[in-house]
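Please look first at the sequence and the structure shown here, and keep both in view while reading. The paragraphs that follow begin at one exposed place in a loop and move from there to the helices and to the chain as a whole.

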Amino acid sequence: MKAAVVTDFGKPLEIQELPTPTPGPGQVLVRMEASGLCHTDIHAAHGDWPVKPNPPFVPGHEGIGPVAVVGAGVSGDLLGKRVAVPWLGSSCGTCRYCVSGWETLCESQVNSGYSVDGCYAEYAVADAGAIVPVPVGVTSFDAAPLTCAGVTTYKAIKVARVVPAERVAVFGVGGLGHLAVQYARLVGGLVTAVDLEPDKLGLAHRLGADQIVNARTHDPVEEIKKAGGADVAVVLAAAPKAFEQAYRSLNRGGRLVMVALPADDAAVKVPIFETVLGGISVIGSIVGTRQDLAEVFALHAAGRTQVIAEPRRLEQVNDSFDEVLGGRAEARLVFQF
């Protein structure tokens, strides 16, 4: 099979011919139809985070396609069914987090395209218990970004407990942000979109944002405060400055939801006095669960969300990484097979 391989951190990915993997017990082999490009894939390829993958490996955790082969112990009913291969490749299933519906916090989890080979390939092996069925009403092209960008921002809005008429500031409008704008609106939030690129702010406006702020030309804290301040600030931009601005834009009782993961183990200063007296919450929000993803797919199948994405070929993987890093991709890029 053809695959894009990280051979060493910081080096261009190589398109290689690899043996098609065989699923083991409890696993399935998925034939890829579409695989989204997530910024996490770039962090993985560059070794940006404290916990690093081990090259060589195949990145990708937004894979969509039919089940081609089932391993021992897996029902044959899955054959031919279209499924999503998400970031959570598997979890232990027995810890306090797994049994309470928070499998994304499992300390024994395995991650697709990071700790095991992922979806930048014509075929990928996946744990049969971690895949999520894709409804007929959702195309594989749309399903790919929803499998991470969608479920991650959906979960962020969920844990923020947004109520109607609260102002939600979304810092970073791109692959994740354009979906965060939509989920915040779905629950009745008044949305402020913050970005550096006019094109991305234009996209946020088309998707219904109530206020747009160009952080390159205006102070987002001042602009958000003029609009009444933010009750929730969701940070999807991988820059520490965005986290600081998001915090300072909050009203009393506000919730800062940290989603993006900047490189180099970055940190932000949270003033204790202000946080305590203002009743401010700081929330770390990781990707959503299998149930969250099923809900994301259901909303999309019902026509409640739009996926903004552009198709690419796997051979364009390095140029596609450059597009994302240079801010030239309007939202998501999706490799089609």
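With a relative accessibility of 54%, A165 counts as exposed, because a residue is called exposed when its relative accessible area is over 50%. The model in which this residue is seen is a predicted one. A165 is found in the loop between α3 and β11, and its phi is near 75°, which is a positive value in a residue other than glycine. R161 lies in the loop between α3 and β11 as well, with β11 covering residues 167–171. R161 has a positive phi of about 55° although it is not a glycine, and with a relative accessible area of 68% R161 is exposed.

From this loop we can step back into helix α3, which runs over residues 140–160, and ask at what angle its axis crosses the axis of helix α9, residues 290–301. The two axes come within 9 Å of each other and cross at roughly 110°. Since angles of 65 to 115 degrees count as roughly perpendicular, α3 is therefore roughly perpendicular to α9. The crossing in which α3 passes α9 is right-handed. On the side of α3, the residues that meet α9 are D142, A143, L146, T147, G150, V151, Y154, K155 and K158, and on the side of α9 they meet D292, L293, E295, V296, F297, L299 and H300. Sorted by class, this contact of α3 with α9 holds eight nonpolar, three polar and five charged residues.

Helix α3 also has a contact with helix α4, which covers residues 177–186, and here the axes come within 9 Å and cross at roughly 40°. An angle of this kind falls outside the ranges for parallel, antiparallel and perpendicular, so α3 and α4 are oblique to each other. The crossing of α3 and α4 is right-handed. What α3 brings to this contact is L146, A149, G150, T153, Y154 and I157, while α4 brings L179, A180, Y183 and A184. By class, the residues of the contact of α3 with α4 are eight nonpolar, two polar and no charged.

Two further helices show how parts of the chain can be covered by other parts. In helix α7, which covers residues 240–248, the residues A242, F243, Q245, A246 and Y247 are buried, and what covers the buried residues of α7 includes β11, α6 (220–226), β14 (230–235), β15 (250–258) and α8 (272–277). The strand β11 has thus come up before, as the element at the end of the loop that holds A165.

In helix α1, six of the eight residues are buried, and so this helix is largely enclosed by the rest of the structure. The buried residues of α1 are T40, D41, I42, H43, A44 and A45, and among the elements that cover them are β4 (34–37) and α10 (317–325). Just after α1, G47 takes a positive phi of about 65°. Further along, P56 lies in the loop between α1 (39–46) and β5 (63–70), and the peptide bond from P55 to P56 is cis, with omega near -5°.

Another loop, the one between α5 (198–206) and β13 (211–214), is the place of D210. At 46% relative accessibility D210 counts as partly exposed. Leaving aside residues up to four places away in sequence, D210 touches G189, L190 and V191. From D210 to V317 there are 107 residues in sequence and 35 Å in space, taken from C-alpha to C-alpha.

These places can now be set within the whole chain, which has ten helices and 18 strands. Along its principal axes the C-alpha trace spans about 60 × 40 × 35 Å. For 337 residues, a compact globule would have a radius of gyration near 20 Å, and the chain agrees with this, because its own value is 20 Å. Of the 337 residues, 52% count as buried. Finally, among contacts in the chain between residues at least 6 apart in sequence, 69% join residues at least 24 apart.

Conventions
Residues numbered from 1 in each chain as written. Predicted model: local features only at pLDDT ≥ 70, side-chain atom pairs only at ≥ 80, totals over all residues. Heavy atoms only, no water. Axes fitted to C-alpha atoms, helices over the stretch in contact; angles between N-to-C directions. Helix = DSSP H or I, 4+ residues; strand = E, 2+ residues; numbered from the N terminus. Parallel < 35°, antiparallel > 145°, perpendicular 65-115°, else oblique. Left-handed = near helix turned anticlockwise from the far one by under 90°. Contact = heavy atoms within 4.5 Å. Nonpolar A, V, L, I, M, F, W, Y, C, P; charged D, E, K, R; others polar. Rg over C-alpha atoms; globule rule 2.2 N^0.38 Å. Buried < 20%, exposed > 50% of the residue type's maximum accessible area, 1.4 Å probe, protein only.
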